[in-house]
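Biologist: Could you take me closely through one residue and the strands around it, keeping to what the model supports?

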Amino acid sequence: MVSHRSFILYLLLIVILAAGTSIVSAHAPLTVGSNEDIANATLFANPEKSFVLYTELHEGNEAQYYLFPMKSGQRLYGSLQVPGPDSMVPNLVIIGPGIPPSGDVPSFVQVPAGSEARVISGKTPEKPAYEPFTPQPIYEVADFNITVPQDGDYYIAVYGPEGGKYSLAPGYLEEFTAEEWLLIPWSVVSIHLWEGQSPAVIFAPLVIVVIGGLVLLVMYRKERGLMWGPANWLIVVAGLLYLGGAAMTALQVVHAVLLTGYTPAVLVTLLFITGPLVLGIVAVLTGIRPLRPDSTLRTGISVLVIGLFGLLVWAGLIIGPLLAIAAGLIVLGGYFRKANPA
């Protein structure tokens with residue numbers, strides 16, 4: 001059996017490679033409020049940071065507004081996408097001081113005094129692009145890249161001929177807060193729901209792996225006559241959640257590639273599948289073994305590492321890593337109580 005040290009070194013390599021290659025297409029998720037009036041425009045306080053938001057227009061002939069406070073020379077950069085080839089195709093208007101005006105601005109789009117407006121019409125692409133970070137097929141209908149000529153407030157207004165879903169991805173600097181990074185697994189689930197996938201389809205691989213794995217492991221435990229404590233169960237369930245999460249991602253890869261065709265970017269996603277897969281296997285192999293007093297310290301540390309690495313590579317929908325960390329603390333607590341009896 002491969003040692004824990006080898007597994008940990010291998011996972012470290014995966015994390016480094018994943019961080020170095022996938023960050024190109026990464027965006028921080030963002031929540032949108034009620035922004036149908038320019039006075040209530042959704043604020044991007046850091047206008048060059050890469051964000052992505054998934055929302056929808058409620059009806060035609062209305063606009064939703066996004067505010068970017070900018071300095072002269074900064075870039076207003078990004079793209080507009082829709083969930084599918086038959087989706088409503090929105091348009092956007094770039095609004096701000098010194099913007100070269102072009103196109104016919106709809107009468108319902110608000111343009112502040114002293115600002116100009118540039119209309120960018122949306123167009124459905126012939127074929128979607130593959131997004132490795134999510135993963136998902138991307139139907140980009142418009143893009144923009146403008147160096148603002150002076151300090152001021154700049155706006156993007158999105159509108160369409162009817163109501164429908166769209167996503168706006170402004171910014172180009174790939175930065176994440178710790179909260180944004182940790183919550184990405186659930187942000188990805190919300191993206192697939194936005195695409196129109198049902199929760200049953202999204203979570204089916206996870207449910208199958210976890211329930212099927214528990215049935216097989218319970219049978220294995222009874223056959224071998226093994227005694228499992230709470231830590232064993234937590235480690236095993238954490239490992240199955242890791243494996244189930246990897247299966248969820250694999251299903252999305254298949255779904256996306258059927259629409260986009262194969263691209264080298266698929267290899268980036270495979271890195272995010274490999275990390276949870278390896279961690280899940282190690283966790284299950286660790287959890288099914290009785291915890292011997294002479295190996296409890298090493299086991300506890302290994303399980304903590306599995307939990308921490310799981311958070312880094314978005315394994316097990318956050319729940320899996322938290323269970324692994326809890327199991328590691330239980331194991332270490334038992335070790336130190338034996339090593340230092342009262």
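**A close look at Q81**

Modeller: Q81 counts as buried because its relative accessibility is 7%, where buried means under 20% relative accessible area, exposed over 50% and partly exposed in between, with a 1.4 Å probe and protein chains only. This is a predicted model, in which local features need pLDDT of at least 70 and side-chain atom pairs count only at pLDDT 80 or more, while totals for chains, interfaces and linings use all residues. Residues are numbered from 1 along each chain as its sequence is written, and side-chain values use heavy atoms, with hydrogens and water left out.

Q81 is found in strand β5; strands (E, at least two residues) and helices (H or I, at least four) are DSSP runs numbered from the N terminus. Strand β5 (residues 75-82) runs antiparallel to strand β9 (residues 136-147), and eight bridges join them, strands being paired if DSSP finds at least two bridges between them. Within this arrangement, V82 has Y139 in β9 as its bridge partner.

Turning to the side chain, Q81 makes one polar contact with the side chain of S79 at 2.4 Å and another with the side chain of S167 at 2.7 Å. A polar contact is a pair of N or O atoms within 3.5 Å; within protein, one must be able to donate a hydrogen and the other to accept it, and residues adjacent in sequence count only if both atoms are side-chain atoms. Leaving aside neighbours within four places in sequence, Q81 is in contact (heavy atoms within 4.5 Å) with I138, Y139, E140, V141, Y166, S167 and A169.
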